[in-house]
Amino acid sequence: MERTTETVTTEETSTVPATESSPKRDASGSQTVSYLVYFLFGIVEILLAFRFVLKLSGASATSGFVSFIYDLSGAFTWPFEGIFRSLFGQGAETTAVFEPSTLVAIAVYAVIAWGIVSLVAILSGERQNQ
């Protein structure tokens, strides 16, 4: 039995400079609007999540940061107040509040952001990636 060994050498040349390993693709106008909408609504969602956790943990409203979060997020939860009752849990030093209106606000604003982005995609007439 005879064994044959073959060596293949290939030479690859690149026309792309070494600093540009992957080309950057610019976002279209509708993509830019979508990114902006998701960014803005993302800030609102994070603010509402902070509010929910702070209320649930019984954070003191006399704290500057907590007061700031409550004041800023209050405008976003206001339309949903009264849909469900808030539950209160009295602790030794704090009162925890389960605020369903904040959870409803988080869900509604997420759907609104998705709807706006979908509408922008439809109106732009660009082909969408599935």
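This report describes the fold, helices, salt bridges and surface of a predicted model.

## Overall architecture and confidence

The chain contains 3 helices and 2 strands, arranged from the N terminus in the order α-α-β-β-α. Of its 130 residues, 24% count as buried. Among contacts with a separation of 6 or more, 63% are between residues 24 or more positions apart. The accessible surface of the chain is about 10300 Å², and carbon and sulfur atoms contribute 61% of that area.

The predictor's confidence has a mean pLDDT of 83 over the chain, with 76% of the residues at 70 or more. Helix α2 (residues 64–77) has the highest confidence, at 95, whereas strand β1 (residues 87–90) has the lowest, at a mean of 76. Where pLDDT is low, the predicted coordinates should not be read in detail.

## Helix α1

Helix α1 covers residues 29–56. Its 28 residues should span 40 Å at 1.5 Å a residue, and the distance of 40 Å between its end C-alpha atoms agrees with this. Just after α1, Gly58 adopts a positive phi of about 75°.

The buried residues of α1 are Ser30, Ser34, Val37, Phe41, Val44, Glu45, Leu47, Leu48, Arg51, Phe52, Leu54 and Lys55. The elements that cover them include α2, β2 and α3. An α-helix has 3.6 residues a turn, so residues three or four places apart point the same way. The buried set in α1 includes such a series in Ser30, Ser34, Val37, Phe41, Val44, Leu48, Arg51 and Lys55.

## Nonpolar patch on the surface

Leu36, Phe39, Leu40 and Ile43 make a nonpolar surface patch of about 410 Å². Leu36 is located in helix α1. With a relative accessibility of 48%, Leu36 counts as partly exposed, in contrast to Val37, which is among the buried residues of the helix.

## Salt-bridge network around Glu99

Side chains of opposite charge can pair when their charged atoms come close. The structure holds 2 salt bridges, and Arg51, Lys55 and Glu99 are linked in a network. In the pair formed by Glu99 and Arg51, the closest N and O atoms are 2.9 Å apart. Glu99 lies in the loop between β2 (95–98) and α3 (100–124) and Arg51 in helix α1, so this salt bridge ties together parts of the chain that are 48 residues apart in sequence.

Glu99 also forms a salt bridge with Lys55, for which the closest N and O atoms are 3.8 Å apart. This pair likewise links distant parts of the chain, with Glu99 in the loop between β2 and α3 and Lys55 in helix α1, 44 residues apart. The partners in the network are buried: Glu99 has a relative accessibility of 7%, Arg51 has 6%, and Lys55 is buried as well.

## Helix α2 and its contact with α3

Helix α2 has 14 residues and reaches 20 Å from its first C-alpha to its last, close to the 20 Å expected at 1.5 Å a residue. Its buried residues are Val66, Ile69, Tyr70, Ser73 and Thr77, and they pack against α1 and α3.

On the side of helix α3, Ser101 provides a view of this packing. Ser101 counts as buried at 6% relative accessibility. Beyond residues up to four places away in sequence, Ser101 touches Thr77, Phe80 and Glu81; Thr77 is one of the buried residues of α2.

## Strand β2 and its surroundings

Val97 belongs to strand β2 and is buried, with a relative accessible area of 12%. Apart from neighbours within four places in sequence, Val97 is in contact with Lys55, Leu56, Ser86, Leu87 and Phe88. Among these, Lys55 is a buried residue of α1 and also takes part in the salt-bridge network with Arg51 and Glu99. Leu87 and Phe88 fall within the residues 87–90 of strand β1.

Val97 and Ala59 are 38 residues apart along the chain, and their C-alpha atoms are separated by 9.5 Å.

How values were computed: Residues numbered from 1 in each chain as written. Predicted model: local features only at pLDDT ≥ 70, side-chain atom pairs only at ≥ 80, totals over all residues. Heavy atoms only, no water. Helix = DSSP H or I, 4+ residues; strand = E, 2+ residues; numbered from the N terminus. Buried < 20%, exposed > 50% of the residue type's maximum accessible area, 1.4 Å probe, protein only. Contact = heavy atoms within 4.5 Å. Areas by Shrake-Rupley, 256 points an atom, 1.4 Å probe, with all protein chains shown as cover. Patch = residues over 30% accessible without salt bridge, like charges linked within 9 Å, V, L, I, M, F, W, Y side chains within 5 Å. Salt bridge = Lys/Arg side-chain N within 4 Å of Asp/Glu carboxyl O. pLDDT = per-residue confidence, 0-100. Expected span 1.5 Å × (residues − 1).
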